[in-house]
Amino acid sequence: MKLLDKYILKKFLTTFVFVVLILMAVICVIDFVEKNDDFIQNNLSVKTILLDYYINLIPFYANLLSPITVFIATVFVTAKLASHTEVVAILSSGVSFKRMLVPYIIGSVVIGIFIFFFSSYVIPNANKTRVAFEIKYVKNPYTFEGRNVHFRIGPDSYVYLESYNNHANVGYKFTLETIKNQELIRKLSSESIRWDSTKQKWHLDAYTLRVFNGDKETITHGGAVDTTLNLLPKDFASTYRLKETLTNAELNALIKEKQLRGSTDVEMYMTEKYERMSYPFAITVLTVIGVILSSRKVRGGVGLQIALGFVLAFIFIIFVMMSRSLASVGGIPPQLAAFVPLAVFTVIGIVLYRTVPR
């Protein structure tokens, strides 16, 4: 690595860290002002707030805003180099613009790998503590409000509940159906089903079993019975920020389970999975765009270029949010939703590279 590469790479990475720290400080102050009443109401100590909440909140937002922080760092460093006529000197010495991009790309790849590893393993574990803190002290108590819910708990087994009380762990108007080749084979019905935490089983006070064999139907009535199902009380628990608390392995397992059950919200978790993959590539693309936009020396200082960096970075975040919303309602496939912002900004980068004077 040449001296020039080390010089630019050092400036780029140190500026990135500085921008992250500044943004995190601002976010934490705003968040504290918003949640201070909840902290006081629950009589929380400073140690609890810092160790259980803010120390886990910072990595989450650092990852979420990484495209913005990388872009701003790129624009700031390159614009300062240009304002000091360093870019002109570099290009005049025979170094091509493509070659000048190398240390930026190296830096963005390092950041991208770091972000991918943290967003896949470290941040989800930190989010478990943070989200549990929010549910306990900030959010209102969760009540399951679903009506007429269906679960596929096996290849041929389907569960129906008219309603479920997640505080008492009791389901009402329960049915368990076995359907093969689109034909109803067996139907178990009960007025209620209750979770026994001691036995780790479901308890039915009474049941009716209907077995169908062609045109013949056999009806059996029974008393109290315990049973195990591929269904647990956690399936009715709050899903508040659940996807943020899952490592890649846990996320893949949940997606597989939801696909088996035919859940309607599986797209949301698949989008999260593919977004984690696309972020490192987006960081590199945004870095290149930032260098292209800010490598010219302009009158009036670097303020306009930095402002433009903010605007484009926030546009990228808006694209991500729009794509995520479309995927969650089934408007576009999750794979496409995760990579659409990346594809759009890649095209923008190519156009800028060919048209913007440097």
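Helices and strands here are runs assigned by DSSP, numbered from the N terminus. With that in hand, let us walk through the model above, which is a predicted one.

Start with the overall layout. The chain is divided into two parts: domain 1, made of residues 3–139 together with 265–354, and domain 2, made of residues 147–237. Notice that domain 1 is written as two stretches of sequence, with the residues of domain 2 numbered between them. If you take the centre of each domain over its C-alpha atoms, domain 1 and domain 2 are separated by 47 Å.

Now pick out two helices, α7 (residues 266–294) and α9 (residues 334–355). Their axes lie 7 Å apart, and the helices pack at an angle of about 10°. Angles under 35 degrees count as roughly parallel, and α7 and α9 are therefore roughly parallel to each other. What kinds of residues make up the contact of α7 with α9? They divide into 18 nonpolar, 5 polar and 2 charged.

Stay with helix α7 for a moment and look for Thr287, which sits in it. Is Thr287 buried or exposed? Its relative accessibility is 0%, so Thr287 counts as buried. The side chain of Thr287 reaches back to the backbone oxygen of Ile283, at 2.7 Å. Setting aside neighbours within four places in sequence, Thr287 is in contact with Phe12, Val70, Thr74, Tyr104 and Ser108.

Next, go to the start of the chain and follow helix α1, which covers residues 3–41. Asp38 lies in this helix. Apart from neighbours within four places in sequence, Asp38 is in contact with Tyr137 and Val138. Compare that with Phe114: Asp38 and Phe114 are 76 residues apart in sequence, and their C-alpha atoms are 34 Å apart in space.

Helix α2 (residues 46–64) is our next stop, and Ile49 is found there. Because its relative accessibility is 9%, Ile49 counts as buried. Leaving out neighbours within four places in sequence, Ile49 is in contact with Phe39, Leu44 and Tyr54. From Ile49 to Phe32 is 17 residues in sequence and 9.7 Å in space, C-alpha to C-alpha.

Ala132 takes us to helix α5. At 42% relative accessibility, Ala132 counts as partly exposed. How many residues along the chain lie between the positions of Ala132 and Tyr53, counted as their separation? They are 79 residues apart, while their C-alpha atoms are separated by 9.2 Å.

A loop can hold a buried residue too, as Glu244 shows: its place is in the loop between β9 (225–227) and α6 (248–261). With a relative accessible area of 13%, Glu244 is buried. Not counting residues up to four places away in sequence, Glu244 touches Phe60, Ile123, Pro124, Asn127 and Arg130. Take Ile123 from that list: Glu244 and Ile123 are 121 residues apart in sequence, yet 8.1 Å apart in space, C-alpha to C-alpha.

Let us turn to strand β5 (residues 183–196), where Ser190 has its place. Ser190 counts as buried because its relative accessibility is 8%. A polar atom of the Ser190 side chain lies 2.9 Å from the backbone oxygen of Ser192. Once neighbours within four places in sequence are set aside, Ser190 is in contact with Lys173, Phe174, Leu204, Ala206 and Tyr207.

We finish with a detail of the backbone. Most residues other than glycine have a negative phi. Which way does Asn148 go, positive or negative? Asn148 has a positive phi of about 55°, although it is not a glycine. You will find Asn148 in the loop between α5 (97–137) and β1 (149–152), and with a relative accessible area of 44% it is partly exposed. Gln182 is another residue other than glycine with a positive phi, near 60°. Gln182 is found in the loop between β4 (170–180) and β5. At 82% relative accessibility, Gln182 counts as exposed.

Definitions and conventions. Residues are numbered from 1 along each chain as its sequence is written. This is a predicted model: local features need pLDDT of at least 70, side-chain atom pairs count only at pLDDT 80 or more; totals for chains, interfaces and linings use all residues. Side-chain values use heavy atoms; hydrogens and water are left out. Axes are lines fitted to C-alpha atoms, for helices over the stretch in contact, and angles run from 0 to 180 degrees between N-to-C directions. Helices (H or I, at least four residues) and strands (E, at least two) are DSSP runs, numbered from the N terminus. Angles under 35 degrees count as roughly parallel, over 145 as roughly antiparallel, 65 to 115 as roughly perpendicular and the rest as oblique. Ala, Val, Leu, Ile, Met, Phe, Trp, Tyr, Cys and Pro count as nonpolar, Asp, Glu, Lys and Arg as charged, and the others, Gly among them, as polar. Domain bounds come from an automatic or database domain assignment. Buried means under 20% relative accessible area, exposed over 50%, partly exposed in between (1.4 Å probe, protein chains only). A polar contact is a pair of N or O atoms within 3.5 Å; within protein, one must be able to donate a hydrogen and the other to accept it, and residues adjacent in sequence count only if both atoms are side-chain atoms. Contact means heavy atoms within 4.5 Å.
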